[in-house]
Structures are given as structure tokens and as C-alpha cells.
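This report introduces a protein model to a reader who has not met it before. It begins with pairing between strands and then turns to helices, cores and local backbone features.

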Amino acid sequence: MANVVYDREALLRIVSTFPLIDNHCHNLSTSNASLTCPLEICFSKACVDALKNAPQAIALKRCIRQLAEFYNCPPTLDNIKQVRDLMSYIDLCKSCFKSTGIQSLLLDDGLDALGGLMDMQSHVELVDVVRRIVRIESIAEKILYDLATSVACTNQKVLKFSAFEESLKKQFEIYAKSESVAAFKSIAAYRSGLNIDCVPNPEATAVAFGNFISDFESLPDKKGSVRPLIEKYPNAKFVLLHAAYPYTRQSGYLASIYSNVYVDIGLVFPLISASGQQASLRELLETCPSNKILFSTDGHYHPETFYVAAIQGREVLLESVENGEFSYEETIKIAKEIMFENSNKLYKLKLIPKQIDSEEYKDVSGERRIVKLKKMGVKFVRIGFMECANQYRFHIVPIDRFQNYIINSGLTNMRANTAFPYYGDVLPENVGVNEVGELLLKPDLSTLIHLPYNPKHANVQVFFENKLTPADPQFGKIDNSPDSLAFPLCPRTCLKNIIESARKDLGITFLIGTEFEFVLLKDTILPVPVDDTVYAVASSFHISNSSEILDRMVESLQEQGIEVEQFRSDGLGKFEIVTAPESPLIAADKVVVTRQTIYEVAAQAGVKATFVPKLFKEQVGTSAHVHLSFKEIGKSQKIADDHPSGLSPYERSFIAGMLHHIRAICAFALPTDLSYARIVDNCWAGTWICWSIENRETPIRVCYRPKTGPNGKYLDVHFEYKFVDGTSNPYLAFSALIASGVDGIKKGMQLTTNPIFDNPASLSNEERIEKGVTERMPASLLDTLKALKEDKTLIDALEKSLDAICSVYLTIVDNTLDEYNYVRNLAERAAKSIKINK
């Protein structure tokens, strides 16, 4: 059972985040032309009077639900139109395409019934790569029209067919050599099927051409029994469009017996029902090789056609390949082939797939995932959120209530809850919120997971949204834009905004991996660890039931879609689990999930798990090292100058920004008094402000790995932040880390010191000064809070949401008691009790 759940979650991630190549679509309309085109026409082949019945079709009802969720409005066509009418056309296009994950468009610009299409360059603003598909009939018709027009302007009434033939061949040669052209297309099958006469009768051709010249409004339709086109030209590649619906099974058969035939699965999205879409794709998979199926939207005119087709395509692909007939490896391979790789190879695009950050795509399977959760026996959903003081809280609702109401409407929660300190449900003075007012917890369905340690429960993360009342000054002044809906004290929104700003302003994206160090206690009164071993020693797994507990933790994480890279013992009841890198918002969500899993599995085993930074004075302490890397969008390989560090200019400025703001960052990375008991000399945390290469006694460690790319060998780099611990709020800690480095890049900060290759604590004062190491890390929480208050630049760099969070955070963190205080207080009370009893 565990493997099945893990495979499903892994496949879901691939289908949801792997990019798409849209191998057949049409140009969007210009903003003016789009005004004459009703939205319904993009989701139905009906026209004129018949179009009024289209909203009653199952397929269009489904489109309306999906668009309503996208636009955050009631699920009616009128409401959708009202919301989109408030947006500029270019913003409308960008919003829709951002959610599709489409990396490349292959445009057939021969569909222009509205008389106004956006050019190719305008589409480049929406996706990475745009290529043209030349419609043969459009080229031929233009040549014929030009020839007929020229004849009509002269006394010449006879024109040889060779004039047309030579002009057509010349145009084909020009387009074939153009880098902007990916393929040619014919719509001949609409008129004569695939039995196209490849060697027409010269006399018949001359007659047809003559008729056109004399009256070029129409051409006669000539048919005949001929050899199939695909056999006549075995070296030409043919793509059967629109899944050949309703003859999908037959098209799959043709692709299976002819090496030069491929099948496109466009148009069925979104014109037929979900069950019909599944049936079409499964019919293809019955006989058609998976490496010959191509994804497309057949999008046209309105950007919503691309959005809905991409969403539905991902949903149906997930359902169709997850049918029990393929192994896990096969399903992953098939999904990637259909979505991207087949088109990339066929059209020789030579694209490198760009994995989509979860914050940049609309979850494609929320409804279906809920259905699956129900089948797995899930009865309840935990609606969870991490507030500023790193306290994870959740409300529990029945899954039917979640499905039917909470998904769209959210769950009401008091605003005050966002500013509670760790030690109790009270509001400190001057915290910025009070007992008045509420907000909405809006589920992010991309985070919905089954909890293997509590099989009847699922968990979902949320964004905080405004719920304004007449008492609020902003009441009646907000629209449905994300900025106006976002509640300022939402840690997830804060992180989301910071990484989006870095992507938009600098063209960089991030990956973050985390190390989870924790201690297992068999007695919390003293406290007593489960063993007294040292780092990574084999005997630690022989003592108590540690091996069984760690196995269960890792299995539970895998079942929740979290990739574990390694785990081990770490000395004196301490263990470490290392998880794979993810984009920052996903990584922060998975920090929350991992901590909760460790807590729950340990409790079920009868032991206490704790992330306290310094539980035993004689030990080095417990950390939560963060590993961060970034890359520049569109660059497959880092391009560095000749700097001796091997770091690129951006990487050097990123470190410089980190060093500049590091004392203030500690307010989020080291948020409790006990955090600073770990930041002492010779305890692998780094006590002096400096950076290093592969030196574990500095707070910032640069890690290198040799790689080979298209431009030869290079060094892949990521940064490890060793001063972060497990009492930190991951959303705020990641926000501060990224914002500091980004501030360094934006301001062009330069590294003024070289990497330290010694333990700074072992150097004399003179040696440290010579190396430029002159400042210590903060020695207490008061020190770092003072540094944060003074670091106005960092607060400004952390975006509007964290500016508000900082005000709250600075107020509540002074009084926050960490988990160790609780354990220590229990121990003190127990000791007094023992003395009294004696």
C-alpha cells in the first residue's frame, strides 16, 4: 500500500509540474478582435443560435467550474465574464498562460475568422519558444488569389499551371529553411480524407486551374481511389490532429502500423466530457506507441482556451496512465513523452524542459484527488497553517464539507490567531491586530496529502485572505486581484511574493533542501535520550526501537511525496533526515509536513521528538541546515567570469547580501533564547560572520559539485546556511535568506573577503583581522532583534507582507518560550517534587 500511495503522489507531481509543448494551436486574437468573439465559442463547435444551448453541455459546465476557480468567482458564465472584463487583455493572457505550464507553442496562423490575430512575437511574451506551422492551403490560396487578381487586371485570360506550381514550390522552400517554421499542415482530410491523389491528372489539374482563374471564388472537389498519402511519402512525418475524433482508435492503429504517423490529442480538450476524454486517450494507448502521441490545446482566440485545455489535459493524462497496466517507471516515462518529449524530438526543437514551480501552476487534480482520498478511507481534512511564531495549527473538517464548501469559500478564522506567541493563546500589546476581525483560510489544493500515520485524515496548507467587514477602512475597495485579497500576515504569501519578485526582476529561480535534526527522548522529565551513542555509529540502531521508528518516519514521508535522500543517527538520541531540494514554497510546506510526521510517528512509538536547538550542554546541538541554489532562467549552465572563487557575479553578490544582513536574518533563523546556546565555538554552527568553501565551522558554506553541460565542464554551486535551527518558521526563514541575497544582487554588492579555510574560532585576533573576519554572530535573541529593528533595508526588501510580519514578529518573539523551556520546566517541577517526597 505504501508504494502505491508514493507512486501516485510522485506521478501527480510529474503530471502537474512537467512542462508542455503545445504542438498544435492557433494565434490569440488581438484585443480588439477578441471583443467580437463570445467566450463560449472557444469551448463549443456550435455557432449562431445553437451557441445559446452550449452552456447546457457537460463539457462546457466543467469548463465553467474550472474558470470560476481560476478567477475566484461564482461558477456562472456571467460572473466569469464580469471578472475578466475588469482585466486588461494582456494581463488576461499572461494570467492564463502562467497557470498552464506551456513552454512552447507551435502556431497554425491559418485560422483568422475574426480578422485580427496577434503576431508570433506577441506570443513570445507568454511562453519561452514560439514556432510557426505553415498551413499549405493558406499559402496556396494566397498565390492563387494573387495570380487571379493579376490576370483580372490585364487582358490576359490564360495562365499556365506552372506559374502557380513554381510560386508554390518557391514559397515552400523559403518556409522550409526558416528557423521560425516547425512544420507544414494541410486540412485536406476535411475535404477528401487521407486518400489524396498524389499524382493528379495533368489535364484535370489544368481544367481546375483554368476554372479558378476564370472564377476564383470556388474550386471543384475532385476525388478518386488512390494510394494513401502516408504510404506514398514514407519519409515525411504526418500528425493526425484532434485525436481524429471520433475515430481515435483508428488513428492510433494507423500510428501503430506506419512509422511516419503520429497522433495529436488536441481538441478533445475541452470539447467533450471528462469521461469521453479519458476514453479517447485510452483508445489511443490501446495500440498507439506512447512515443507517438503529442499533446496540444488547439487553443485559439481567447487565452482561456489554452488554460482550460492544459488543465484538463493534465487531469486526463494522470487518469489514463494510472490504470494499473504500467509500472511506476513506465507511467512517469509515458507522461513526460506525451507532454513534452515527443513533440520536442519530432519538431527538432532541442528544448530543455523547465520544471514548473508549484506556485506557478494551477493544481490540475484537486477534485480527483479528493475522490481518491475518499476511496482510501479519508474522512477528515486538516486545514493547517503556520503562524508567525512557528506554531503549526489546524482546523479539522469532514471531507464532504471540505469538498463542497471550504475549497471555494475558505474557512473563517480570527485575525488574532496570526499573532499568538508560542507560549499561549494571548495577544501581546501593540502587536498590530486585536480581538476584532476575521480572515479566510483558503486551501491550496496542490498541498493536499494523505496522512499515512493517521489514515482517516488528510492535510492541506492555506493562504490567508482578507475577509473585510464594514468596520474595515478597505471594505468595498478591493477586487479579486491577488494583492488585494492577500492578508498581510500570511507567511506563505510572503515567501511566494519574494520568489516571484526575484523571478520577475532578476530572472532567477531557487531550489531549497533541508536537513532535519531532532532528538528522541524516552523520558521528558529529566530528559533522557533513547541512546547515548555518537555520530552515525551502527549501534544507535541496535538500541531501543530506533531503527523501526526511523524506518516508519521515512516511509511516511515518502508516502506523502517527500523525497528522502538519506537518514542516520547523529549522536546521543539525535537523528537526521535529509530531504531533496524543491522550489522554496514547496520546500517550506514540506518542512512543515516533515516536522509533523516526525512528531506524530515518534508519539505513536511512545517517545518524544524534539527540535530543541540545545538540549544537552555537552553536545553540539540540533540544527536545521538549509541548502539553497539558484539559476538564471533560460541558461542551461552557469556562466562565470574568471573570479578565483569560481562563483558567478550573481552568486558572489548573493553571498555578499547574506553577509550584510546576517545578524538581522538570525531573528528568523534563530528565533528563541536557546537557539544561541548552539551558536558557540567548535559546535559546527559558525560563530564568526564569514563564508567558506566546504568548511563546516562557518555560518555560510559554499558547496561545489563538478558537472558537464553543453558548454563543457563547470562547477555546480549551492549554499549551506548552518546557523538555521528547527525552531524557525520555514516560510519566514526562507524569505529572509532569499530577500537578503536578492538585495545583494540588486545592489551589486561585492565580496570583500576571501573564503575562510580555517576554523575562525581557532585563529588569533590578528589572524582574523588579516582575513577580514571582525564580527561575531549575535550572542542572544536580544542582539538579533536589535539588529532586525535597525536593518530597515532588509525589512523593505522583504516586501509589504513581511514588513507587517516584522512588526508582529518583533513584538511576540521576545516572549516566545521554545520547546526546551517546556521540558526544562517539567524537569524543575519534578525535581522539587522528588525533594518534597524525600
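Two strands count as paired if DSSP finds at least two bridges between them. An example comes from strands S6 (residues 261-264) and S7, which pair in the parallel sense over two bridges. Within this pair, Val263 has Ile293 in S7 as its bridge partner. The model described here is predicted.

**Overall composition**

The protein contains 30 helices and 22 strands. Of its 838 residues, 55% are buried. Among contacts with a separation of 6 or more, 75% are between residues 24 or more positions apart.

**The sheet of S5, S6 and S7**

The pair described above belongs to an open sheet of three strands, ordered S5-S6-S7, with parallel pairing. Strand S5 (238-240) and strand S7 (293-294) each have a single partner strand, so one side of each is left without a neighbour in the sheet. Helix H12 (residues 248-257) packs on this sheet and touches S5 and S6. The direction of H12 makes about 150 degrees with that of S6.

The loop between S5 and H12 holds two local features of the backbone. Ala244 is placed in this loop and has a positive phi, near 50 degrees, in a residue other than glycine. Ala244 is partly exposed, with a relative accessible area of 22%. Pro246 lies in the loop between S5 and H12 as well, and the peptide bond leading to Pro246 from Tyr245 is cis, with omega near 5 degrees. Another cis peptide bond joins Phe269 to Pro270, again with omega near 5 degrees; Pro270 lies in helix H13 (residues 268-271).

**The sheet of S1 to S4**

Four strands form an open sheet in the order S1-S2-S3-S4, and their pairing is parallel. Strand S1 (20-25) and strand S4 (181-185) are the edge strands, each pairing on one side only. From one strand to the next, the twist averages 20 degrees. Inside the sheet, strand S2 (residues 102-108) and strand S3 (residues 129-135) run parallel and are joined by five bridges. Leu105 has Val130 in S3 as its bridge partner.

Helices lie across this sheet. Helix H8 (residues 161-177) lies across S3 and S4, at about 140 degrees to S4, while H15 lies across S1 and S2, at about 125 degrees to S1.

His123 belongs to helix H6 (residues 120-124). A relative accessible area of 0% places His123 among the buried residues. Apart from residues up to four places away in sequence, His123 touches Asn27, Leu28, Leu105, Leu107, Met118 and Val130. The bridge partners Leu105 and Val130 are thus both in contact with His123.

**The packing of H5 against H15**

The axes of helix H5 (residues 89-98) and helix H15 (residues 303-321) come within 8 Å and cross at roughly 10 degrees. Angles under 35 degrees count as roughly parallel, and H5 and H15 are therefore roughly parallel to each other. On the H5 side, the residues that meet H15 are Tyr89, Leu92, Cys93, Cys96 and Phe97; their counterparts in H15 are Pro303, Glu304, Phe306 and Tyr307. The residues of this contact comprise eight nonpolar, no polar and one charged.

**The nonpolar cores**

In soluble globular proteins, nonpolar side chains tend to be buried together. The largest nonpolar core of this model has 112 residues. Phe402, Phe510, Leu520, Met553, Phe654, Tyr721 and Phe723 have the most contacts inside it. Helix H23 (residues 649-669) gives the most to this core, with 12 residues. A second, separate core of 84 residues includes Leu51, Phe70, Leu107 and Leu281.

Leu520 touches Met553, Phe575 and Val607, among other residues more than four places away in sequence.

**The hairpin and a further loop**

Strand S16 (residues 564-571) and strand S17 (residues 574-579) run antiparallel and are joined by six bridges. Gln566 stands opposite Val578 in S17. S16 and S17 form a hairpin with two residues between them. Leu572, in the turn, has a positive phi, as does Glu694, which lies in the loop between strand S20 (691-693) and strand S21 (700-709). At 35% relative accessibility, Glu694 is partly exposed.

The positive phi values are listed below.

| Residue | Phi |
|---|---|
| Ala244 | near 50 degrees |
| Leu572 | about 50 degrees |
| Glu694 | about 55 degrees |

Notes:
Residues numbered from 1 in each chain as written. Predicted model: local features only at pLDDT ≥ 70, side-chain atom pairs only at ≥ 80, totals over all residues. Heavy atoms only, no water. Axes fitted to C-alpha atoms, helices over the stretch in contact; angles between N-to-C directions. Parallel < 35°, antiparallel > 145°, perpendicular 65-115°, else oblique. Contact = heavy atoms within 4.5 Å. Nonpolar A, V, L, I, M, F, W, Y, C, P; charged D, E, K, R; others polar. Core = buried A, V, L, I, M, F, W, Y, C linked by side-chain atoms within 4.5 Å. Buried < 20%, exposed > 50% of the residue type's maximum accessible area, 1.4 Å probe, protein only.
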